[in-house]
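User: I am new to this structure. Please take a close look at one part of it and describe what is there.

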Amino acid sequence: MRSTTGWRADAAGTLRRAALSRRELRADDVAVRVDYCGVCHSDLHALRSDASGPGRALVPGHEFTGVVTAVGPEVTAFAPGDPVAVGNIVDSCGECAMCRAGQENFCRSFPTLTYGGADRVDGTTTLGGWSREYVVRDRFAYRLPDGLDPAAAAPLLCAGVTVWEPLAALGVGPGSRVAVVGLGGLGHLAVKLAVALGARVAVVSRSADKARDARSLGADTLIVSTDPEDMAAHRDGFDTVVDTVSAPHDLAPYLSLVAMDGTLVELGHLGPVTVDMMDLLIGRKKIASAGSGGRPATAAMLDFCAEHGITADIELLPSAEVNTALERLGRNDVRYRFVLDLADLDA
Ligand SMILES: NC(=O)c1ccc[n+]([C@@H]2O[C@H](COP(=O)([O-])OP(=O)(O)OC[C@H]3O[C@@H](n4cnc5c(N)ncnc54)[C@H](OP(=O)(O)O)[C@@H]3O)[C@@H](O)[C@H]2O)c1
Ligand SMILES: [Zn+2]
Ligand SMILES: [Zn+2]
């Protein structure tokens, strides 16, 4: 086994520095020195559910960038020294219809998640990117394009691709009217990507004080979701509404913003919802969801971001401050993504 160091949750969900093991490289494996890893709201959900669950001692982190340090004998796409990025999927069956269609994120036997998943070869629980080294199957590492700051690019691998896939699948482009609900990690990247695709973009937020940020991200309006008049003024106004709200909530107010034949894309809260069909009937509206991205979409998203100079707006913290980052994320005190610098694990 290879030895490394990372941040592992204790039974109360507090992250503690811990010695970790990584597998010896298989023929198609790549070893990555993890330099930067984002803090996603899903990490917070996982830690909270884990604390009261079976105590799997999670090592979270599923959007990271770093440098290749070693490759297995069959790896041809990467060599030591290459800058790479890894997201929240590290393996899939490779054979089902979804995998063959390049949608490994929908693999019929479920993709192997970057942490808390079961390795497809030896069954061990995967440990995430809040650690100094990760070993990943070559096909789930992506070359980080030149020109993207590696710290600010890390969140593209979860937050970025999660919003990219539905925008691309729905054909968002010039002339599209897009509203993004919740200006957080996913939301601010959805704004940047939709604007770069040519759409007119509005932000829907509880916080009127995010209006200036919304405009500097390229949106032309901020709709205050807690103001019924403001919401009513934008009724039926958007072809695509991307909902990134992290807590369970009523969809009706956001469905009211969807134009005829338009789509509400639910990305934030992934549990059961109650919908009044009349809210869909009137205007022939649709509800969709998505999560993460397949390999082709992930590579395309990275190329698009390089071409348009898109990365996340980040607050970079030494990884030793991970518990502060989580606590602040939990009270919505982030503009707009925390990224951990893992170099302090060398000390
Ligand atoms: N589908 C997927 O594959 C996928 C991938 C990654 C993350 N997620 C999920 O997506 C959600 C967002 O993740 P994130 O990392 O972007 O989180 P985040 O940075 O915390 O952003 C979430 C935003 O939602 C809004 N919000 C939070 N609580 C709310 C409430 N009670 N009512 C209304 N709005 C609320 C806030 O925006 P305002 O202050 O502007 O109102 C907040 O900035 C999380 O639930 C996460 O687990 C899903
Ligand atoms: Zn995530
Ligand atoms: Zn599959």
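Analyst: This is a predicted model. The part chosen here is the zinc ion (ligand 3), and the four donor atoms around this ion subtend angles of 104 to 119°. An arrangement counts as tetrahedral if all angles lie between 85 and 135 degrees, so the site of ligand 3 is tetrahedral. The donors are the SG atoms of Cys93, Cys96, Cys99 and Cys107, at 2.3 to 2.4 Å. Along the chain, these donor residues follow the spacing C-x2-C-x2-C-x7-C.

Two of the donors can be described by their accessibility. Cysteine 93 has a relative accessible area of 27% and is partly exposed. Cysteine 96 is buried, because its relative accessible area of 12% falls under the 20% limit.

Serine 92 sits in the loop that runs between β6 (89–91) and α2 (97–100). With a relative accessibility of 4%, serine 92 is buried. Leaving out residues up to four places away in sequence, serine 92 touches Cys99, Glu104, Cys107, Arg120, Arg137 and Phe140. Cys99 and Cys107 also appear among the donors of ligand 3.

Another zinc ion, ligand 2, has the protein donors Cys40 (SG), His62 (NE2) and Cys158 (SG), which lie 2.0 to 2.2 Å from it. Here the spacing in sequence is C-x21-H-x95-C. Histidine 62, in the loop between α1 (41–51) and β4 (64–71), and cysteine 158, in the loop between α3 (150–153) and α4 (159–169), are 96 residues apart, and the pair links distant parts of the chain. Histidine 62 is buried at 7% relative accessible area, and cysteine 158 is buried at 6%.

Methods:
Residues numbered from 1 in each chain as written. Chains lettered and ligands numbered in written order. Predicted model: local features only at pLDDT ≥ 70, side-chain atom pairs only at ≥ 80, totals over all residues. Heavy atoms only, no water. Helix = DSSP H or I, 4+ residues; strand = E, 2+ residues; numbered from the N terminus. Buried < 20%, exposed > 50% of the residue type's maximum accessible area, 1.4 Å probe, protein only. Contact = heavy atoms within 4.5 Å. Donors = N, O, S within 2.8 Å, 3.2 Å for Na, K, Ca; no water. Tetrahedral: all angles 85-135°; square planar, octahedral: opposite > 155°, others 65-115°.
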